[in-house]
Amino acid sequence: MEKKIELLLSSSPFLKQQEDTPAVMRQVIYSLLPAALAALWYFGISALMVMLTAVSFALLTEGVYNRLNHKKQTLHDGSALLTGLLLAMTLPPGIPLWMAALGSFVAIALGKLIFGGLGSNIFNPALVGRAFLQASFPVSLTTWVAAGSLRNFGDWRGPAFTIPFIQEKVDVLTTATPLSMMKFEGHLTPLNQLFLGHSAGSLGETSALLLLLGGLYMVIRNYINWRIPVAIFAAVMVFAGGLHLLNPEKFAPFYFHLFSGGLMLGALFMATDPVSSPITHKGCWIFGIGIGFLVVLIRTFGGLPEGVMYAILLMNSVSPLLNRVTQPRIYGAVDDRHKAKSKP
Amino acid sequence: MINLFGKRLPTFSHGIHPGDFKDLTRHLPIERMPFTDELVLPLSQHLGAPSRARVKVGDKVQRGQLIAEPGGFVSIGLHAPVTGTVTAIEPRHHPGGKMVEAIIIKTDPFSPQTFYNEHSMEWESLSARELISLIQHGGFVGLGGAAFPTHVKLSVPEGKHAQFLIVNGVECEPYLTADHRVMLENYEDLFLGIRILQHILKVKQVYIGVENNKEDAIEVLRKNVPGDMACEVIALETKYPQGAEKMLIEAVLHREVPSGRLPIDVEVVVNNSGTITGIGQMFRFGQPLIERVVTVTGPGINRPANLLVPIGTRLSDVLDYCGGLKDNTRQLLFGGPMMGTPQSHLDVPIMKGTSGILCLTENEVVVREEYPCIRCLRCVDVCPVSLNPSRLGSLAKSRDYEQMLDFHVMDCVECGSCSYVCPSNIPLVQRFRVAKGLLREQQARNKAS
C-alpha cells in the first residue's frame, strides 16, 4: 500500500449512540421552555428578570469556581444553566433579584460543587438553593402576586431592586396561592384555572398543562424515568383521594393536589433529576411513592401550604439507600435468595 | 411489556438496537479469494495452549496437510492452507497486538492447490470420542470471533449431559454477514454438521437461532431441514448482543446459565453456524479448517465483499483484493464494531476467528469528550446481565476492583452495550475489561500461593 493512512487504536465498541450529556441537558431545558414562556405571559418582566438573574448567577458561580480551582471549564455541559432556570421556576415573581442571585449561588456552590460537581451531588441543587432561600427569607418567598397577562408585561410584580439584606419588603398588592387559600381559608380553586395556570404562585407553578407537555416529551425521548412522576401522581391520588373520601369537607380532592402548587414542576423536572434519584427502577418507584406521600402529608397536616420541595429533598437523601437495597437480580444469580431459573 | 401488536419474536431481556449496517454486503454471494504469495499462520489462533509446529523451515507442505498439532487438550491442530514451502518459523505481528510465533508459508505458484487428502469421511460408525478427536485435529474453533476450541465444548464432562444443541446463526454484530451468507449458500453442510454433533452429544432437540434481519436465511433453513431431524429454526427479534451464548440460551430456551457456570450446566451446547458448517465440510470433503468466510465491509473499503479467504492471508492482500481503502479510513477492525479488535499493522494475517474486516472512516471514528456520570440509568436499562454499569464504572475509576466483585463484574459479558448508550461517553466496558483482567491475575496469584 502506497498511501499513508493514520490508524487509530482504541478499544471496542466503536459504535456509539450520538446524544451526549450536554445534548440531554439542552433537551431538558427545551422541555421546560413552554412553561417558562407561560411564566413570562402571566408575570411579565418580573419573571424574565428572575430567570435571567438566577441563570446568570448559576453560570457565574460555576465558571468562577472552575477558574479559581484551575479545573476544566464545565459550563458547556448545560447543567448549571438548567439548575439556574429550575431555581427561577420555583421562585415567586416578585422576589427581590438579589435573593434570586444568592439562591443560585447557594444552589451551585453548596448544592453541587462542594460534592464534586455534576454527577456527585446528593440533593437536587436547585432545591437546595430554594430551601436556603425559604429558610432565610420566608416572607419574600411567600409573597405572591396575582397572575396577569401579556397586556401588563411591563408591570413590576414586586420590589425587584432592593438593597440586599437591608430592605426586604416593600408593600405590594399581594394575593394568596391556591394552596394557601385551600389550607387557610378552605377555598378550592377551580380545576381549569389550575390546569392552565392562571393563578398566583411561583414561576413554574402556573400551567400544569405546559409542564405535562414538556414532561411527556422527555418521557418519549427517554430523558427522564417515567416511573418517578407516575409513582408520585399515583401516590398523591391514592393518599389525597383517600383523605377526601374520609372527609370531603376538610380535605381537598386529589386533582387539586395534582394540579396546584409545585407538584407538576417537582414531579416532572426536579424529582426526575437523574443524579439525585435512584438508579434502579424499583428504587424509582419507591422514591416516587415516597415523594407523593410526603407531599400530601406536609400539605395537609404540616404548617406549610406547600411540601413538594421538602418531599423531594427528603427522598433525595434516601436514594443511595434505595440503590443499595433494590439492586436487581443479575442474570444467572445463584445466591440463596435468588435461585437461578434452571428449568423453563 | 404489554403486548399490543400481536406476537413478538422471542429474544433476551435488555440489549440495544445499534442499527445493523448489513446492507453493504447482505446480498453479495461468497466469492473465493485467490491464493497470495505468502501466508502467515500464528501458532496461537485460539483460546488455550498454542499449537506445536510439526514442520521445519524448508519443508514442502501440501494444502490441507497438518503443520502443527494440538499443544494440549485446550488446543487444536493447524493445517497448511496452501501448497508451498515453509520459509520461516518466527514471531510475527498477531491481530491481538503482540508478536506471536508463526509458520510462514511461501505459496507454490505452479501447484494445482488440490487437497492433501481429499475424500469424504465416514462418521456414523465412529464413537463420540473419536469424532471429537477428529474435530480437534481438524483445527476447529468457534468461528464467531471468540475462537474457543470447538471440541472442548463438545466434550461433555462426566455426570452431565446435553439435551439441546443451539446453532448460533444470530450474527448480532452490525456490519457482519459471513454467517448469513454461509447459512444461505452452504446449508447442506450445516445440516450434515448438525447430524454429526447430534451423534456426538446425543441431544434430543436442535434449535437454530437466527435474527429476523436474515429472513431469507430463515426461509431457506426452514425449507431444507431434513424431515427426520428434530431441528427447529427459531426467528429471533434483532437485538444486540443476542449472539452471546448466555443471551441466546435465554432467548431460545428461557433458561439462565448460573453465574460462573457453563451452558452444559443447563443441558445446552451452543455452537456457531459457521463452525458447524465447517465440520460438515470436513466430513464431506476431508478438508480441515484452512479457510473461512470473512465479511470485508465498512464505509472505508472500496469494494465490500463476503470473501472465502485462506487462513493466514495478510490483511493488506485482502484489502488490495477489495479495491483498497478510501483515503479517509481511520480504523481497521477484525470482527464487528461492538467487540472487534483494532489493527495497527497491515501485515497481520486473517485468523480462524476473524469474522470480518471492518474499515471505518473519520466520519465514524469520533473521539468524544467524557463527562461525569449523571446516573441516567441507560446503561442499567441495556445491560443484558442486569449489572449496574454506572456503579461499576465509578468503582473502576477509583480502582476499587475488590468491590467490583461484589457488583458481579465477573458476570459481565463485555458486549459493550453500556458504552454504546452512555451519553457521558464513559469508557465503561473498556474499564471492566481491565478490571476483569487484573482480578483474574490476582485470583491466579492467590491460588498459586
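These exercises work through the domains, nonpolar cores and unusual backbone angles of a structure.

The model is predicted: local features need pLDDT of at least 70, side-chain atom pairs count only at pLDDT 80 or more, and totals for chains, interfaces and linings use all residues. Residues are numbered from 1 along each chain as its sequence is written, while chains are lettered from A and ligands numbered from 1 in the order in which they are written.

**Exercise 1. Domains**

Task: Find the domains assigned in chain B, and describe their contact.

Solution:
- Step 1. Chain B has domain 1 (119-285) and domain 2 (378-448). The bounds come from an automatic or database domain assignment.
- Step 2. The C-alpha centres of these two domains of chain B are 29 Å apart.
- Step 3. Domain 1 of chain B gives six residues to the contact, and domain 2 of chain B gives five residues. Two residues are in contact if their C-beta atoms, placed from the backbone, lie within 7 Å.

**Exercise 2. The largest core**

Task: Which residues touch the most other members of the largest nonpolar core?

Solution:
- Step 1. Know the term. A nonpolar core is a set of buried Ala, Val, Leu, Ile, Met, Phe, Trp, Tyr and Cys residues joined through C-beta atoms within 7 Å. A residue is buried if 20 or more other C-beta atoms lie within 10 Å of its own, exposed if 12 or fewer, and partly exposed in between; C-beta atoms are placed from the backbone.
- Step 2. The largest core has 136 residues, and Leu165(B) and Ile166(B) touch the most other members.
- Step 3. Helix α4 (residues 187-201) of chain B supplies the largest share of this core, nine residues. Helices (H or I, at least four residues) and strands (E, at least two) are DSSP runs, numbered from the N terminus.
- Step 4. Look at Leu165(B). Leaving aside neighbours within four places in sequence, its contacts include Leu197(B), Leu201(B) and Val269(B).

**Exercise 3. Backbone exceptions**

Task: Locate the cis peptide bond of Pro241(B), then compare the surroundings of Gln113(B) and Leu377(B).

Solution:
- Step 1. Most residues other than glycine have a negative phi, and most peptide bonds are trans.
- Step 2. Tyr240(B) and Pro241(B) are joined by a cis peptide bond, with omega about -5°. Pro241(B) sits in the loop between β11 (231-236) and α6 (245-253) of chain B.
- Step 3. Gln113(B) has a positive phi of about 60°. Gln113(B) is partly exposed, with 16 other C-beta atoms within 10 Å.
- Step 4. Leu377(B) has a positive phi near 85°. Leu377(B) is buried, with 23 other C-beta atoms within 10 Å.
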